[in-house]
Amino acid sequence: MHVTTCKLPCPEIADQFLLRRDMTFLNHGSFGACPRPVFAIYQQWQRTLEAQPVEFLGRCLSERLRQARMSLATFVGAPADDLVFVPNVTYALNIVARSIPLQPGDEVLGITHEYGAIERTWRYVCLQHGATYVNQPVELPVTTPEQLVEQIWRGVTSRTRVILLSHITSPTAIIMPVAEVCRRARAAGIISVIDGAHAPGQIDLNLQALGADFYAGNCHKWLCAPKGAGFLYVRPEHQAALEPLVVSWGWQPPTPLSGSFLAYPEGRPLQAYYEWMGTDDPSAFLSVPAAIEFQHRHQWVDVRHACHELLYAASQQILALTGTAPLTPDDEHWWVQMRSLPLPPCDPALVQARLWHEWRVEVPCFTWQGQPLIRISVQGYNTPTDIDRLLTGLQAVLSTL
């Protein structure tokens with residue numbers, strides 16, 4: 001089994017990453033991977049911080065973060081003042097969940113495709129307020145976005161206060177019709193909260209056009225920034241209602257210090273609340289423009305398309321091997337560089353362990369809604385040889401179960 005006829009546009013991209021060469025890494029979706037030039041910028045920021053911490057944190061940080069946010073804002077299609085850097089999506093959506101004043105009897109609607117940490121966040125907050133988290137079933141396979149929207153909307157009631165939806169789902173790797181869900185939510189007076197962990201760098205974004213009230217994204221996954229770089233986008237009408245997770249200098253600053261991290265416009269708490277939590281290392285945030293530039297320089301739109309084609313070829317062979325049907329159609333409206341495929345009845349944890357220990361293939365296998373799945377990520381550093389190794393290993397493992 002092989003897919004060696006597939007070609008990536010820039011074979012040298014693999015040399016730009018720090019990943020070990022003695023393995024096949026097909027799990028970019030979990031934690032990402034950072035290219036050497038971006039990681040070098042990251043370390044440069046860290047060295048600059050250590051050379052003069054007071055200068056870096058006390059006098060220069062606010063402006064440097066503003067410049068980095070401006071670069072990110074252009075990339076995701078949002079005003080820079082409506083964005084704030086955070087470590088990751090889980091952190092961002094904790095901000096949102098703890099800031100919405102839920103009342104007893106309110107409902108927060110999620111679907112059965114949501115990421116476990118985010119579902120737990122909302123269940124926890126609902127429990128504190130006497131609200132209910134509704135886990136709406138969305139069944140697969142599907143063939144049209146309209147089928148998804150209708151399944152999601154069946155969970156809406158007169159008590160629905162918030163709709164939570166992943167832009168690209170973690171377990172099933174499906175691009176959800178979030179714009180239409182946000183449009184319906186706004187018309188119904190429901191707050192829309194989008195988990196965009198897998199979106200930046202994998203699909204094009206225009207957050208203003210998307211229409212979400214809150215949108216959280218990771219830069220350290222598909223955008224390939226250093227670990228700990230994420231963002232939260234908040235529509236202006238919601239910003240004054242945000243509550244800080246950690247009360248620090250940005251909360252009601254009495255006299256802003258000239259040139260310091262406290263110099264934020266009155267009434268705009270987004271950056272004031274969340275860009276200074278005390279002494280930490282903001283180097284990952286400041287490296288996001290370098291990650292954006294890296295992808296521009298390497299024509300990442302073409303890279304993404306080539307990765308999709310390689311993953312499509314792999315999908316066809318895996319579906320033939322397993323005798324299973326795909327969860328969605330094959331085109332880039334449904335998935336781009338990450339796809340979950342059904343496995344035959346098996347212990348997926350054992351399959352994953354054997355692929356790693358016997359074949360040095362790193363790929364997640366798990367059970368979702370009773371169905372064993374394998375989730376394959378193909379990034380610019382992957383080659384047809386990587387896919388061949390996966391196919392050979394998967395065939396060997398499945399044949400002995």
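A polar contact is a pair of N or O atoms within 3.5 Å; within protein, one must be able to donate a hydrogen and the other to accept it. With that criterion in hand, open the predicted model and select N88. This residue caps the N-terminal end of helix α4, with a side-chain oxygen 3.2 Å from the backbone nitrogen of T90.

Next, extend the selection to helix α4, residues 89-99. Eight of its 11 residues are buried, so the helix is largely enclosed by the rest of the structure. The buried positions are V89, A92, L93, N94, I95, V96, A97 and S99.

Turn then to the charged side chains; the structure holds 19 salt bridges. Select R66 and E63, both in helix α3 (residues 53-76). Their closest N and O atoms are 2.7 Å apart in a salt bridge, and the two residues lie three positions apart, about one turn of the helix. An α-helix has 3.6 residues a turn, so residues three or four places apart point the same way. R66 is partly exposed at 33% relative accessibility, and E63 is partly exposed at 38%.

Proceed to helix α7, residues 178-187, and select R184 and E180, which are four residues apart and thus separated by about one helical turn. This pair also forms a salt bridge, the closest N and O atoms being 3.4 Å apart. R184 has a relative accessible area of 22% and counts as partly exposed; E180, at 28%, is likewise partly exposed. Now add E150 and R183 to the selection: salt bridges with shared partners join E150, E180, R183 and R184 into one network.

Finally, select E237 and R235, whose salt bridge has its closest N and O atoms 2.9 Å apart.

Definitions and conventions. Residues numbered from 1 in each chain as written. Predicted model: local features only at pLDDT ≥ 70, side-chain atom pairs only at ≥ 80, totals over all residues. Heavy atoms only, no water. Buried < 20%, exposed > 50% of the residue type's maximum accessible area, 1.4 Å probe, protein only. Salt bridge = Lys/Arg side-chain N within 4 Å of Asp/Glu carboxyl O.
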